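Biologist: Could you pull up the model so that we can go through a few of its residues together?

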Amino acid sequence: MANVNRKSEDEFGEKWENCLADTFIKMGAGLGVGIIFSVFMFKRKTWPLAFGVGTGVGMGMSNCQHSLNEPFFARVQKLKM
């Protein structure tokens, strides 16, 4: 069951931390893919790096926006009969 004494600030802070972590992971993955494409396919151009990092930031922001705008739903896995 959910913790009754949990503050809304704590929940928002946890969501914000998850958003930042997710965005940094996606940025790193985009950077890695950009490096691979830059080295092997595009003769060391820099635009695949910028494209990969930008795509990672965009995906992270989209996931963050979805998670922050999500209303409270009772999860089926947490319900007990």
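Modeller: What follows is a short talk about a helix residue, a surface patch and a ring pair. This is a predicted model, in which local features need pLDDT of at least 70 and side-chain atom pairs count only at pLDDT 80 or more, while totals for chains, interfaces and linings use all residues. Residues are numbered from 1 along each chain as its sequence is written, and side-chain values use heavy atoms, with hydrogens and water left out.

Biologist: Is Thr 23 buried or exposed?

Modeller: Thr 23 has 13% relative accessibility and therefore counts as buried, where buried means under 20% relative accessible area, exposed over 50% and partly exposed in between, with a 1.4 Å probe and protein chains only.

Biologist: And where does Thr 23 sit, and what is it in contact with?

Modeller: Thr 23 belongs to helix α1, helices being DSSP runs of H or I with at least four residues, numbered from the N terminus. Apart from neighbours within four places in sequence, Thr 23 is in contact (heavy atoms within 4.5 Å) with Gly 56, Val 57, Gly 60 and Met 61. Its side chain also reaches the backbone oxygen of Cys 19 at 2.8 Å.

Biologist: Changing topic, how many aromatic pairs are there?

Modeller: The count is one aromatic pair, by a rule that pairs rings of Phe, Tyr and Trp (its six-membered ring) if their centres lie within 6.5 Å, with planes under 30 degrees apart stacked, over 60 edge-to-face and the rest tilted. The rings of Phe 42 and Trp 47 have centres 4.8 Å apart and planes at 55°, so the pair is tilted.

Biologist: How accessible is Trp 47?

Modeller: Trp 47 is partly exposed, at 48% relative accessibility, and Phe 42 is partly exposed as well, at 30%.

Key. Helix = DSSP H or I, 4+ residues; strand = E, 2+ residues; numbered from the N terminus. Polar contact = N/O pair within 3.5 Å; in protein donor to acceptor, adjacent residues only side chain to side chain.
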